[in-house]
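This report asks how the copies of one chain are arranged, how a single chain is divided, and where certain annotated positions lie. The reader is invited to keep the structure in view while following the text.

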There are 4 protein chains.
Amino acid sequence: MCGIFGIVGHPEASNLAYLGLHALQHRGQESAGIVASDGERLRAHLAMGHVADIFTAPVIESLPGGAAIGHVRYSTAGGSRLKNAQPLSVEYVGGQMSVAHNGNLVNAEELRKSLEADGAIFQSDADTEVIIHLIARSKKATFEDKVVEALSRVKGAYSLLFLTEKKLVAVRDPFGFRPLVLGRLKNSWVLASETTALDLIEAEFIRELEAGEMVVIDEDGLRTSNPFPPSRLGRCIFEHVYFAKPDSVLFGTSVYETRKELGRQLAREQPVPGADLVIAVPDSGVPAAIGYSQASGIPYDVGLIRSHYVGRTFIEPQQSIRHFGVKLKLSAVRQVLKGKRVVVVDDSIVRGTTSRKIVKMLKAAGAVEVHLRISSPPTQWPCYYGIDTPSRQELIASSHTVEEIARYVTADSLGYVSLEGLGNAVGDRERTTFCTACFSGKYLTGNFAPGSADEEKPTPRLVSA
Amino acid sequence: MCGIFGIVGHPEASNLAYLGLHALQHRGQESAGIVASDGERLRAHLAMGHVADIFTAPVIESLPGGAAIGHVRYSTAGGSRLKNAQPLSVEYVGGQMSVAHNGNLVNAEELRKSLEADGAIFQSDADTEVIIHLIARSKKATFEDKVVEALSRVKGAYSLLFLTEKKLVAVRDPFGFRPLVLGRLKNSWVLASETTALDLIEAEFIRELEAGEMVVIDEDGLRTSNPFPPSRLGRCIFEHVYFAKPDSVLFGTSVYETRKELGRQLAREQPVPGADLVIAVPDSGVPAAIGYSQASGIPYDVGLIRSHYVGRTFIEPQQSIRHFGVKLKLSAVRQVLKGKRVVVVDDSIVRGTTSRKIVKMLKAAGAVEVHLRISSPPTQWPCYYGIDTPSRQELIASSHTVEEIARYVTADSLGYVSLEGLGNAVGDRERTTFCTACFSGKYLTGNFAPGSADEEKPTPRLVSA
Amino acid sequence: MCGIFGIVGHPEASNLAYLGLHALQHRGQESAGIVASDGERLRAHLAMGHVADIFTAPVIESLPGGAAIGHVRYSTAGGSRLKNAQPLSVEYVGGQMSVAHNGNLVNAEELRKSLEADGAIFQSDADTEVIIHLIARSKKATFEDKVVEALSRVKGAYSLLFLTEKKLVAVRDPFGFRPLVLGRLKNSWVLASETTALDLIEAEFIRELEAGEMVVIDEDGLRTSNPFPPSRLGRCIFEHVYFAKPDSVLFGTSVYETRKELGRQLAREQPVPGADLVIAVPDSGVPAAIGYSQASGIPYDVGLIRSHYVGRTFIEPQQSIRHFGVKLKLSAVRQVLKGKRVVVVDDSIVRGTTSRKIVKMLKAAGAVEVHLRISSPPTQWPCYYGIDTPSRQELIASSHTVEEIARYVTADSLGYVSLEGLGNAVGDRERTTFCTACFSGKYLTGNFAPGSADEEKPTPRLVSA
Amino acid sequence: MCGIFGIVGHPEASNLAYLGLHALQHRGQESAGIVASDGERLRAHLAMGHVADIFTAPVIESLPGGAAIGHVRYSTAGGSRLKNAQPLSVEYVGGQMSVAHNGNLVNAEELRKSLEADGAIFQSDADTEVIIHLIARSKKATFEDKVVEALSRVKGAYSLLFLTEKKLVAVRDPFGFRPLVLGRLKNSWVLASETTALDLIEAEFIRELEAGEMVVIDEDGLRTSNPFPPSRLGRCIFEHVYFAKPDSVLFGTSVYETRKELGRQLAREQPVPGADLVIAVPDSGVPAAIGYSQASGIPYDVGLIRSHYVGRTFIEPQQSIRHFGVKLKLSAVRQVLKGKRVVVVDDSIVRGTTSRKIVKMLKAAGAVEVHLRISSPPTQWPCYYGIDTPSRQELIASSHTVEEIARYVTADSLGYVSLEGLGNAVGDRERTTFCTACFSGKYLTGNFAPGSADEEKPTPRLVSA
């Protein structure tokens, strides 16, 4: 997953981009990059690691100019290399351009093959490079027309920021899979994946870009258009469930309030009569756990403490430690749990291994019953639109019933929110404006090119958009 | 502040020391070190930074042997240098010795002058080096007798772990200022500042060392003694209020439960009739906020989100951002706060500047009233026993009334737990077994040598122990 | 300038590539890279810095396979960035390919514009990327036919190594500007810029590739062809004068012997009657100084000592030091120079500033006369074929007579080898097989696209090839 | 081995110290450090590595003040650790002091044991720490009297620079083993191991300190005294043979000229009639090779090229390469050597393994005869005074005749300069002013405590001083 940020018309553009990216750090921790334009040329700095470590004062000073875009990228297994960092910058017939992309294309491999057949060369694994090639090959006159032409050949999820020497262009795909918001800071325009980035730099939140909207900002000001054919909406419901930062406003509603409402819904759908307390798997499970507590009347408490100091890798002793991986991140509060019947709320179950470790840890700490409640439906299908889920085989819910999962994770009971409940909680009762593919298998694009992941991810059921 | 860890009798001693230090990382993030003994010689590795970054597999392999001690050190202003990292290792007439120290001596400067007058040289700023010199000069026959002789000249707070080629010695000062617990992992003995370190490595918690107790572990097994004159107890109450990790059991009671009880006590002493919700300043204020909510019936909610990605320094734009420092760490959840009368619970107020930023942030996010509640009494006096508090002048409560502080931090009301309430919450109604100097000014040692801090920290009222 | 190395058919290909690049380190110190093929895919490691620092054992292990190519790159002002490091690797319709290039194209800018007009995007500044694009767009069936088609559109200097999953292709341009030699190590074939790399790894020197020759090595063995139209030769004479390592055999003759012969020729053309001793500017001036001494009978001695520890940058004190830059690299031996009439031999004069500092240093150390002798003709013209010379304006000899230069560098006399003498020394009396453009202005290519350097480098006289 | 540098009275003291250390880098490449005084306190920076890498502009700025001392340290096996880096700085009863030491004490172990018995603790392995302890324990009134008292208990080799807040003290031991020179730069005094450091910073060479001389520089100016009992001289002859930089003036004569004279003496004592050419093992053998050529009339030439890019470690392929270690550093010039009878001149033979590789390399490159000539007598005895020689067993000449060594290194003949010839060349015909222990076994100190090296280094014959 990724986060993007752009700003035009501010003398300290790259400094604000860096702060904006820091606010979006939860969307990607592998690499970060900023490209700035001083009106004449683009300058870039990209590196592996966290925003706060990469962008020192001398680096920021080396990125002068009134416009900048930035990107944070998530660490996906295998593809963790600097050459995949973004924004991706190239020279082409129109000069210089740079792009920051959040999302994932489903016909990238097909387009890539066709471009290669036509002589294109590729230097990264990123699907974003396909977009760049399509723009460079467009015969349209203006940059924005080239972008429109290129994107009309592309299918999938994209919130994009383009920067040229003179112009910033922002586009959100017609389904609106990934968020993108517009803000205003004095005389400058700001674009960001989430409103939390606007809040940090004290920019005013103007509105979310519409699905399929393109915004162009240059010396003539801001122009907007919607150059793509209309489509149904497919806003990513998993952003609300897990991915976005709770203080953001996403697709028109508060992430925090949505999660709390999911907790309330969960309490209604999956009650645990006689439980002593509700705890969360921190930090992502906290809002739903509070909602659960409110709706059920069962007291909320803190049964698991999250460490602030989790590093990349730890050396396990040969005489190994039970629940090692989880224990380095979470500690159980024995005195809270001892002798209690506990409802533990998490946002989702992926492989089941972590949930299993957590349940066992809670019991080892004295809980007499552990009832696992999940504030979303079973995750059964991989995401092709940018969320970094594993292949279908690895998703425990794709091949196990709820009861089997409960047994595997050793919980006394297990309950999920229903798909209907989820729709209600996000205010989409008919479930026609969100993409729920990871839960429902209903993919909104009729075209797939999941590339090397192909072999691992089985063909999903396709539905027409 | 610091954390210490020791283990004897385990083939992977240094690996377990590294995991134990990781669990104690909250007690010090500046530097970390491990010294291991293979029975013949000591080997050390010390570095600036976090445990998870310092101890890679090759480093652990370079520290063989069945015994190890380790140390994490807090970053105190100015003294942040590798030569102050611990464990401190030397050669002396008896061979090699290494020491890890949690606490602070009050007569170090005086002893240092006397040792220097006698020809000693000092290579670090640490008061711990004084102890080393006293041991090296002792004419006693055994190592433990040398340690006792040395410590009998020393005043202040110390939980100490000594490692020689053949022996581990653990000592807690007669006041018992700093915690130190004993655990058992199969055939090995474990010592640690807090029980959370035992939990991580799956060691069984045996008991806390008594104040003034010395434990010696060598090939003959474990021996214990209490070689110092009896003294009243002075266990650090601030460990319970803020410092220790909530899942630890400290001085006989659960840190988490103590903090929740402080929240309940706070609700009783400092109610906010008509408030809409209780929120915490995360993470340290969470348990007390939950306690406050439980006792008051006002719903608990999450109004501030803590970022996981806070780095050391950030570059502020010239056109500066309101509440910049706090905002990088905390985000306000607008939808929770909007139009609400909010009780916000924190553990303490030091200078007042952070509280002021937080209150203003909450109001900017829509809170109509902000009532600040502190789960400890006003912090008026500097700590000379190891907690890294600023000088008296900088402590806002040393020169301002509660009302003045409320006005400064722009809160609609401000309330602290009383000293009595604090005593009750920790189960020390008479307040005779805890050190409360930071709140009461009643210092338990009649001798001060606060060194360079001297000029900044005004002479406190002294009370006889 | 750059050095290249390739090997096929050896189980430790990347390790030998690393040693070969170390032997070629004098040809480029900015960045280094190796790409290896295990028959299925290419793996690359590129970094800024020296070969010995970049290629650790784990890095070498991450580059498995029986074939590898490598590259060292010189630090040219401004363009010092990792993205310009080589080998340059891409995916295209035919799979993966990687290329290492020594030389410089003169029509790169023109081709780049044409490729861009056709939709190509460029990620580096290197002219090598043009070649990659031309190959990717070729419709020929085999990789080697694509290479030939691509190179037939390219003008300038190139010794190239291509690596695909299954094949290594080596090509030398029809002028033969840059060297490229073929060697044999047991069952493997080796290609290198200079014979010194063969010597280090104990490969047998088979022969130099012919100008315009293409060698293809794959599972069917080695095939050679000469697919380009015949051309006059244009072997770079500056390789002999300065660039190559003295122990190499270059264009059929020993570099060391050639330089010594240049020194003898210099003695004949530019004698210094009555001089007391001949010294060299180390290390490049040593062979010619010895030759001068032999031919003139004036004793050779060491008047300047070269430091082994020269770093990238030094901090000059405000109260500045005379000849600072040169002094950090060279020390004068006072006792050798004192009171003497000294002949000092260097290989060339570029801007004149270093020569001036050296002459002044020698006089400050006691030399009563300093006669500067240069073992090549005046460097008057910039090189467009890969040697990193400054623009014409900066070349002192382009606008100053020998007498004026002598006055500027404060030498008592100054003498260069004549163009005729240079031709004789390299065994090309008619000067029809070497490129002497830097001395004569006779460029062998009728087409220039020196790109951004264009503005700085004045139009040279062109001669037909 | 080590190099030291000091300066008093210059506003950019630490910057000049850094340049001075760079000029002395050949005396030690393991670690470097500078300590500066601003009159109030000392500030230090020490690190592993080369001077040019360690001292960046911000580091130099962090070392303000008008006085500074610096140190470069040689990498001795095993003891390569930052805690052994110098200058060594401590606090003691008199305030702060820092010391930089070139040389080696022979009674350090004995003094260390006695100090430890008296309660001293040691943090490094360095004998220098003994001196610090002795000073700190002295009851004398002034710093210089403390220094004299301390040094009167110490035996061995020392050129020392002490820095306190207000004073620089320089001392050379009564034998004068290690060099130390005094210079003047405008209003500041400079001290350095060798004159080459004065030359670099343009300081005037005043004179060498006398053996046993102490120089004190403070606000009252420079005072000199000779506080130790008179002794015979024992200036290290190996400094002239190999260690010092050739452009330095050492013990009153030019290093370069001494080495050339050694070459001439070698030609007289060990002629090679009928040889075709004389070559050197670069760089240290060059002056003697030129001297040999001059005295013998056999032409000097360059048969071995030294690489400028030798790193710390190289990865040898499994199918190993002949003469691997030497080949990475030296390349043979085949065309110079082919078919020739070659005299190769080196300064010394230690273990014989390198010489053997060089001889074999020369023959592999075509030399028909290789006659090895050494510009010093056989190295038979370890040095206890600061030169990093191996133990006696490892010195090939301690157990092999010249003929046996010739056979081992596969040379056609081998010849050394005689001890008499060496004495003549350095102008000490009676050999009463130099230490020749490494060649003669005549150690000048009657007391040894070579510590852990003890077991490896056999007891030498002792002679009275």
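## Contacts between the chains

Between chain A and chain B, the contact takes 47 residues from chain A and 47 residues from chain B. The model discussed here is a predicted one. On the side of chain A that touches chain B, the elements giving two or more residues are α1 (13-23), α2 (51-54), α3 (57-61), α7 (195-201), α9 (255-269), α10 (286-296), β19 (330-332) and α12 (334-337) of chain A. By class, the residues on this side of chain A divide into 24 nonpolar, 12 polar and 11 charged.

How are chain A and chain B related in space? A turn of 180° and a shift of 0.0 Å along the axis lay chain A on chain B with an RMSD of 0.0 Å. The two copies are therefore related as by a two-fold rotation axis. The same surface serves both copies, since 100% of the contact residues of chain A recur in chain B. Of the residues of chain A, H308(A) comes closest to this rotation axis, at 3.4 Å (C-alpha).

Chain A also meets chain C. This contact takes 15 residues from chain A and 15 residues from chain C. On the side of chain A that touches chain C, β5 (88-92), α4 and α5 (128-137) of chain A each supply at least two residues. The largest share, four residues, comes from α5(A). This side of chain A has nine nonpolar, three polar and three charged residues.

Chain A can be laid on chain C with an RMSD of 0.0 Å, again by a turn of 180° and a shift of 0.0 Å along the axis. Here A120(A) is the residue of chain A that comes closest to the rotation axis, at 3.4 Å (C-alpha). For this pair too, the same surface serves both copies: 100% of the contact residues of chain A recur in chain C.

Other pairs of chains do not touch. No contact joins chain A and chain D, and their closest C-alpha atoms lie 13 Å apart. Likewise, no contact joins chain B and chain C, whose closest C-alpha atoms lie 13 Å apart.

## The domains of chain A

Into which domains is chain A divided? The domain assignment gives domain 1 (2-231) and domain 2 (249-455) of chain A. The centres of domain 1 and domain 2 of chain A, taken over C-alpha atoms, are separated by 32 Å. Their contact takes 20 residues from domain 1 and 15 residues from domain 2 of chain A. Helix α4 (residues 108-117) of chain A gives the largest share of the side of domain 1 that touches domain 2, namely three residues. This side of domain 1 of chain A has seven nonpolar, seven polar and six charged residues.

## Helix α4 in chain B

The helix α4 (residues 108-117) can also be examined in chain B, where A108(B), L111(B), R112(B) and L115(B) are buried. Seen down the axis of α4(B), the buried residues fall within an arc of 100°, so they line one face of the helix. An α-helix has 3.6 residues a turn, so residues three or four places apart point the same way. Among the elements that cover the buried residues of α4(B) is α5 (128-137) of chain B. After α4(B) comes G119(B), whose phi is positive, near 100°.

## The annotated cysteines of chain A

In an unreviewed entry, UniProt places the feature "binding site" at C236(A), C383(A), C435(A) and C438(A). These positions are spread over 203 residues of sequence, yet they cluster in space, with a largest C-alpha distance of 10.0 Å. The table sets out the burial of two of them.

| Residue | C-beta neighbours within 10 Å | State |
|---|---|---|
| C236(A) | 28 | buried |
| C438(A) | 27 | buried |

C236(A) has its place in strand β14 (residues 235-236) of chain A. Not counting residues up to four places away in sequence, C236(A) touches F177(A), R178(A), Y385(A) and C435(A). C438(A) is found in helix α16 (residues 437-440) of chain A. Apart from neighbours within four places in sequence, C438(A) is in contact with F238(A), T379(A), W381(A), C383(A) and T389(A). Each of these two residues thus touches another annotated cysteine: C236(A) touches C435(A), and C438(A) touches C383(A).

Key:
Residues numbered from 1 in each chain as written. Chains lettered and ligands numbered in written order. Predicted model: local features only at pLDDT ≥ 70, side-chain atom pairs only at ≥ 80, totals over all residues. Contact = placed C-beta atoms within 7 Å. Nonpolar A, V, L, I, M, F, W, Y, C, P; charged D, E, K, R; others polar. Least-squares fit on C-alpha atoms with pLDDT ≥ 70 in both. Domains from an automatic or database assignment. UniProt positions renumbered as here; feature names shortened; annotations may be inferred. Buried ≥ 20, exposed ≤ 12 C-beta atoms within 10 Å, placed from the backbone. Arc of directions from axis to C-beta.
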